[in-house]
Amino acid sequence: MNRLKRITAVIAAAVTLLAPVHAYAADRANITDLGLSAESAILMEASTGDVLYEDNADEKLPPASITKIMTLLLIYEAVRDGKIKWDDKVSVSAHAASMGGSQVYLEEGETQSAADMTKCIAIASANDAAVAMAEYIGGSEEGFAELMNKRAKELGMENTCFINACGLDTDGHLTTARDIALMSRELINNFPEISQYTTTWQDSIIHKTRKGESEFGLTNTNKLVKWYEGATGLKTGSTGGAKFCLSATADKNGMKLIAVIMAAPDPKTRFSEAIKLLDYGYANYAVASGAKAGDRAGEIPVSRGERETVLLEVAEDVTALITKGGEEPTLTYELTDALCAPVEKGVKAGEAVYTLDGQVVARSDVVTAEAVERAGFKTVAERLARSWCR
């Protein structure tokens, strides 16, 4: 197929909407071609959202079961928001039970807990479980697809349209490697507990039907769980239209990477090329940490307060992606001179600024770590008395 490949190995200057820090644009001296045969690929660092490598990353392609990353994200968000509970009993409809492809052979009328349904999706890529959960949360698979597309827009997934919850080939059901990386990042950053399933090689569920109970084994479709040190997931996919796809996540050396492969010619290639991307990232880049959320950032005066100063802390992690072997950024605090009581906890009082070669590579708000009430009569009187005695 004649297509123009855009291959870069640079750190993108833009961070996705929810990122707490600004991305760092590294020099372009490391531009290289990794020689991938997949039609589309991208490598992203998860904490900053920086892109380390991309190859035709915005081509719209069918994603197969990688679709289920969004399904999983919406499930975890529904639990977080109190819309569903993990022990809810989810009934399987005739529509959900009719799904072909990868499945755990749920029967119409069978019930499973939301947790076990999610386990089947994450480990065994079960289409039937995905549709059952979609119907439970969205009222119908079509209603759930609307929720998927709404969330995709919120995440800046500009080239994505979901038609179903499981990824079976359907006209118009398309996304891109970049958009897959964005939703993968949202899932692993906000719900790291997903790894309890995505790193599990084998497990099982108990089918409870009119015929009785039977155990059904689950085997992870992502062989990187066994093959790659630090692998944390995330999702495989394959259909006739999509060929072989993978969103591979890994966490080692203090850096979380997302490697997306789309339309690889065979299963072996999707795994080997994901490994090539991950190895490239870990060999050439590192995450520098200037401060962690909650780190102390000094103190500033408080006028008219019960206490004369207030402690400050960093609101968000301050991290930046750097080229291995290069200089590390410098952290400085830019603080307001003083605050006036009463002061609530969490009030912005400045910024933690991470700079490299004169360029801001990351920043976070600095906020008050405690509340300070307005000084009462007794405190004011004591201060006046001390001032007269000096």
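## Met183 and its neighbours

In this predicted model, Met183 touches Ile66, Ile69, Met70, Leu155, Met157 and Phe162, leaving aside residues up to four places away in sequence.

Met183 also belongs to the largest nonpolar core, which has 66 residues. Together with Met70 and Leu187, Met183 touches the most other members of that core.

## The nonpolar cores

Several elements give two or more residues to the largest core: the strands β2 (40-45) and β10 (255-264), and the helices α1 (68-80), α3 (114-124), α4 (127-138), α5 (141-154) and α6 (177-190). The most comes from α1, which gives nine residues.

Another core lies apart from this one. This other core has 26 residues, including Tyr228, Met255, Ala274 and Leu278.

## Packing of α3 against α4

The axes of α3 and α4 are 8 Å apart, and the two helices pack at an angle of about 135°. Angles that are neither under 35 degrees, nor over 145, nor from 65 to 115 count as oblique, so α3 is oblique to α4. Their crossing is left-handed.

On the α3 side, the contact is made by Ala114, Met117, Thr118, Cys120 and Ile121. On the α4 side, Ala129, Ala130, Ala132 and Met133 take part. By residue class, this contact of α3 with α4 has eight nonpolar residues, one polar residue and no charged residue.

## Packing of α1 against α3

Helix α3 also packs with α1: the axes of α1 and α3 come within 11 Å and cross at roughly 155°. Because angles over 145 degrees count as roughly antiparallel, α1 and α3 are roughly antiparallel to each other. The crossing of α1 and α3 is left-handed.

Lys68, Leu72, Ile75 and Tyr76 of α1 make this contact with Thr118, Ile121 and Ala122 of α3. The residues of the α1 and α3 contact divide into five nonpolar, one polar and one charged. Thr118 and Ile121 of α3 take part in the contact with α1 and also in the contact with α4.

## The protein as a whole

The protein has 390 residues, of which 50% count as buried. Its secondary structure consists of ten helices and 18 strands.

Among contacts in the protein with a separation of 6 or more, 65% are accounted for by residues 24 or more positions apart.

Methods
Residues are numbered from 1 along each chain as its sequence is written. This is a predicted model: local features need pLDDT of at least 70, side-chain atom pairs count only at pLDDT 80 or more; totals for chains, interfaces and linings use all residues. Side-chain values use heavy atoms; hydrogens and water are left out. A nonpolar core is a set of buried Ala, Val, Leu, Ile, Met, Phe, Trp, Tyr and Cys residues joined through side-chain atoms within 4.5 Å. Buried means under 20% relative accessible area, exposed over 50%, partly exposed in between (1.4 Å probe, protein chains only). Helices (H or I, at least four residues) and strands (E, at least two) are DSSP runs, numbered from the N terminus. Contact means heavy atoms within 4.5 Å. Axes are lines fitted to C-alpha atoms, for helices over the stretch in contact, and angles run from 0 to 180 degrees between N-to-C directions. A crossing is left-handed if the near helix is turned anticlockwise from the far one by less than a right angle, and right-handed if clockwise. Ala, Val, Leu, Ile, Met, Phe, Trp, Tyr, Cys and Pro count as nonpolar, Asp, Glu, Lys and Arg as charged, and the others, Gly among them, as polar.
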